[in-house]
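Reader: I would like a close look at a single part of this protein, with enough of the surroundings to place it. Please keep it plain.

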Amino acid sequence: MKDHVLVYRASTDLRQVKEPRTVSADSGYTNPDDDPRGPWMTSSYVNPATKDRRPNLVYSIDRPGADEAVEHPTHAWKYSPAEHARHVAEHRLWWGTDGNADYPRLKLYLSEAQDMVPVDVWDWSEVGSSDDGGNEVKRIFGHAVFDNPKPTGLVRKAISLIENPDAIVLDSFAGSGTTAHAVLEANKLDGGQRRFILVEMEDYADRLTAERVRRVCEGYGFAGKQSGGNSGPSCSTWPPTALRTPLRDARLTSTSAKPTMVSTSGSFTSPTSTGSSRRTPP
Ligand SMILES: C[S@@+](CC[C@H](N)C(=O)[O-])C[C@H]1O[C@@H](n2cnc3c(N)ncnc32)[C@H](O)[C@@H]1O
């Protein structure tokens with residue numbers, strides 16, 4: 001079974017969505033020629049476009065130690081003549097171990113590698129499974145208190161795509177409070193100061209959603225069948241200054257009212273559920 005997670009930006013302030021580099025991604029870089037610039041990998045120099053389509057990227061390339069220049073029979077190169085001249089000057093062209101490759105490849109150095117474009121399939125072994133989400137909640141409350149909570153690893157992964165370590169994370173369908181838990185974990189891991197706003201309309205907003213946040217903040221340990229737990233507080237200060245008593249929106253007492261965010265400074269917002277239409281988020 002697959003979960004579909006929609007991650008979108010609400011403002012152009014968020015310009016870049018990248019994943020931190022992983023050990024596995026970095027392991028593709030090697031240094032077979034002892035390049036003083038360190039480990040490298042290569043990318044193709046050949047453009048997917050044909051010569052007809054990119055005539056400005058068609059030129060001859062000198063192969064070191066050979067008389068004849070190299071041209072591609074059908075396709076253009078990927079780089080302009082000026083960029084190519086820079087690559088040559090910086091000794092970035094790789095012609096294979098014996099120097100006889102048909103076409104050059106471009107050396108890309110690990111020292112210059114940037115964060116990665118996120119992949120769109122997140123494997124459960126990386127971000128956790130439904131079982132993991134359930135077990136996390138059991139470890140906090142001692143028994144199952146919510147159906148199908150998300151694993152914190154999944155939400156933490158979404159949070160990790162945002163570079164700002166002081167971001168405010170909004171979850172308007174808070175449920176068991178996984179998002180707050182994930183934010184606190186993310187802060188603990190990288191020293192960030194992210195804050196969260198949770199919205200939950202059901203009557204468990206305080207006794208479940210907010211209670212999970214309190215327990216995670218205080219540190220919890222469960223001595224039953226579930227292993228694990230969280231021995232120390234996850235909040236930098238306790239009680240955290242931003243963690244407020246859940247708010248209830250008096251405007252939601254009429255049957256036609258819809259849930260509304262009532263606070264941007266409080267970290268927990270809990271409109272009453274009377275008359276609110278329940279929607280299940282994607
Ligand atoms: C699928 S659950 C979220 C589970 C959560 N991701 C977790 O890991 O526990 C959706 C939650 O959103 C709440 N909800 C649905 N519609 C809402 C609304 N209009 N306003 C506030 N909360 C709402 C539901 O009560 C439910 O607790």
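Author: What follows is an account of one helix, then of its setting in the chain.

The model is predicted, and the part chosen is helix 7, which covers residues 204-218. Helix 7 has 15 residues, and from its first C-alpha to its last it reaches 20 Å. That is close to the 21 Å expected at 1.5 Å a residue. The helix nevertheless has a bend of about 35°, placed at glutamate 211. Just after helix 7 comes glycine 219, with a positive phi of about 95°.

Next, the residues of this helix that are buried. They are Ala205, Leu208, Thr209, Ala210, Arg212, Val213, Val216 and Cys217. Arg212 and Thr209 are thus on the buried list together with Leu208 and Val213. A residue counts as buried here if 20 or more other C-beta atoms lie within 10 Å of its own. Across the protein, buried residues make up 23% of the 282 residues.

One of the buried residues of helix 7, Val216, also belongs to the largest nonpolar core, which has 21 residues. Val216 is among the residues with the most contacts inside that core, along with Ala180, Val183 and Leu198. Several elements contribute to this core: helix 4 (130-141), helix 5 (152-160), helix 6 (178-190), strand 7 (195-199) and helix 7 each supply at least two of its residues.

As for the rest of the fold, the protein has seven helices and ten strands. Among contacts between residues at least 6 apart in sequence, 59% join residues at least 24 apart. Some of the strands form an open sheet of three, in the order 1-5-4, with antiparallel pairing. Its edge strands are strand 1 (40-44) and strand 4 (93-94), each of which pairs on one side only. Strand 4 is joined to strand 5 (residues 105-109) by two bridges. In one of these pairings, tryptophan 94 has arginine 105 of strand 5 as its bridge partner.

Last, the confidence of the prediction. The average pLDDT of the protein is 82, and 78% of the residues score at least 70. Beyond helix 7 and glycine 219, residues 222-229 have a pLDDT that stays under 50, and the model has eleven contacts for them beyond four places in sequence. Over residues 254-282 pLDDT also stays under 50; for that stretch the model has 66 contacts beyond four places in sequence.

Key
Residues are numbered from 1 along each chain as its sequence is written. This is a predicted model: local features need pLDDT of at least 70, side-chain atom pairs count only at pLDDT 80 or more; totals for chains, interfaces and linings use all residues. Helices (H or I, at least four residues) and strands (E, at least two) are DSSP runs, numbered from the N terminus. The expected span of a helix is 1.5 Å times one less than its number of residues. The bend at a residue is the angle between axes fitted to the seven residues ending there and the seven starting there. A residue is buried if 20 or more other C-beta atoms lie within 10 Å of its own, exposed if 12 or fewer, and partly exposed in between; C-beta atoms are placed from the backbone. A nonpolar core is a set of buried Ala, Val, Leu, Ile, Met, Phe, Trp, Tyr and Cys residues joined through C-beta atoms within 7 Å. Two residues are in contact if their C-beta atoms, placed from the backbone, lie within 7 Å. Two strands pair if DSSP finds at least two bridges between them. pLDDT is the predictor's confidence in each residue, from 0 to 100.
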